[in-house]
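Q: I'd like a close look at the inside of this protein, please. Take me through the packing there, and then through whatever sits around it.

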Amino acid sequence: MKHAAFLKQITEFIFVENEPEKSDIIFIPGSGFPQLAEEASRLYHKGLATYIVPSGRYSVTQGHFGGVQEKKELYPGNYRTEWEFLSHVLTKNGVPEAAVLKEEKAMYTYENAIYSREVTDKAHLDIRQAILCCKPYHARRSLLYYQFLYPDTRFLVCPVKESTIRKDNWYLTEQGTKVVLGEIERIGVQFHEIIGEIRKEYEKNGR
């Protein structure tokens with residue numbers, strides 16, 4: 001492919017993926033896609049984590065839960081929040097309720113990380129290694145936020161396999177291109193405040 005090197009740089013930045021390993025916990029950023037919780041369930045049943053934290057109220061732009069995005073026939077019902085939906089998917093796939101921690105306040109990705117940290121701190125969990133289940137194109141932005149809130153944690157990103165927008169095809173459709181480049185734009189816009197906080201820390205410490 002003529003522009004393979006150009007596309008590779010964007011692809012490798014956005015589509016983070018690691019092999020799953022034994023971890024302390026699995027995080028799921030808020031979503032109406034059941035595949036995230038299905039993948040987390042699969043990893044849980046492989047014995048790779050003790051707890052799962054699905055996170056989310058609903059999108060701040062919508063003001064209500066946007067509904068089940070796929071596989072509605074498998075997960076019918078009216079859900080108030082993303083957490084309620086994702087936790088239902090988890091338990092329906094055999095994850096015990098005791099293993100599912102509750103985070104039902106977050107309204108965007110940064111808050112998913114912020115409030116998940118509150119949940120794990122309240123439970124006195126020491127998170128040394130964590131798995132992050134997300135959509136493939138949401139991997140980098142999710143990882144950056146969770147890594148910021150858990151600076152001492154090693155993260156393994158395990159995106160879902162079922163996705164119409166993947167690292168091998170995102171540039172072949174207008175929608176895929178819009179979504180992936182939109183992620184880059186969001187990173188550029190949303191991380192100014194975080195980088196500013198980091199800069200203040202370095203200035204405070206004389207570094």
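A: F85 is a handy place to start: this residue is found in helix α3, which covers residues 82-92. Keep in mind as we go that this is a predicted model. The side chain you're looking at is buried, because the relative accessible area of F85 comes out at 0%. If you want a feel for distances, try going from F85 to E183: they are 98 residues apart in sequence, and their C-alpha atoms are 24 Å apart in space.

Now to the packing itself. The largest nonpolar core is made of 32 residues. Those with the most contacts inside this core are I25, F27, Y146, Y150, F155, W170 and V180. Where does the core draw its residues from? At least two residues each come from α1 (4-14), β1, α4, β3 (129-132), α5, β4 and α6. The largest share is that of α5, with five residues.

Several of those names come back when you look at rings. Searching the whole structure turns up 13 aromatic pairs. One of them is F27 with Y150: the ring centres are 5.1 Å apart and the planes meet at 45°, so this pair counts as tilted. It would have to be under 30 degrees to be stacked, or over 60 to be edge-to-face. What makes the pair worth a second look is where the two partners come from. F27 lies in strand β1 (residues 25-28), while Y150 lies in the loop between α5 (139-149) and β4 (154-157), so the contact ties together parts that are 123 residues apart in sequence. Both partners are out of reach of the probe to a similar verdict: F27 is buried, with a relative accessible area of 0%, and Y150 is buried too, with 2%. The pair isn't on its own either, as F27, Y146, Y150 and F155 form one aromatic cluster. And F27, Y146, Y150 and F155 are also among the core residues with the most contacts.

Two other rings have a charge for company. The charged end of K102 sits over the ring of W83, 5.1 Å from the ring centre. K135 does the like with F33: its charged end sits over that ring, 4.0 Å from the centre.

Next, the open space. The largest pocket has a volume of about 900 Å³. Of the 31 residues that line this pocket, G30, S59, E82, H138 and R141 are the closest to its centre. Which elements give two or more residues to the lining? Those are α4 (109-122) and α6 (174-190), and α6 gives the most, with six residues. Both helices have already turned up as suppliers of the core, α4 and α6 each with at least two residues. By type, the lining of the pocket divides into 11 nonpolar, 14 polar and six charged residues.

While we're at α4, have a look at V119, which has its place in that helix. At 17% relative accessibility V119 counts as buried, because the cut-off is under 20%. V119 and N93 are 26 residues apart in sequence, with 23 Å between their C-alpha atoms. Another pair with a sequence separation of 26 residues is G47 and E21, and there the C-alpha distance is 9.5 Å. G47 lies in the loop between α2 (35-45) and β2, and with 34% relative accessibility it counts as partly exposed.

Last stop, the backbone in two loops. Most residues other than glycine have a negative phi. K71 has a positive value, with phi near 60°. This lysine lies in the loop between β2 (51-54) and α3, and K71 counts as partly exposed at 21%. H124 also has a positive phi, near 60°, without being a glycine. You'll find H124 in the loop between α4 and β3, where this histidine is exposed, with a relative accessible area of 72%.

Methods
Residues numbered from 1 in each chain as written. Predicted model: local features only at pLDDT ≥ 70, side-chain atom pairs only at ≥ 80, totals over all residues. Heavy atoms only, no water. Phe/Tyr/Trp six-rings, centres within 6.5 Å; stacked < 30°, edge-to-face > 60°. Helix = DSSP H or I, 4+ residues; strand = E, 2+ residues; numbered from the N terminus. Buried < 20%, exposed > 50% of the residue type's maximum accessible area, 1.4 Å probe, protein only. Lys NZ or Arg CZ within 6 Å of the ring centre and 35° of its normal. 1 Å grid on protein atoms, 1.4 Å probe; cavity = no way out; pocket = protein on both sides within 12 Å on 5 of 7 lines; lining within 4 Å. Points joined across faces, edges and corners; volume = space filled by probe spheres on them. Nonpolar A, V, L, I, M, F, W, Y, C, P; charged D, E, K, R; others polar. Core = buried A, V, L, I, M, F, W, Y, C linked by side-chain atoms within 4.5 Å.
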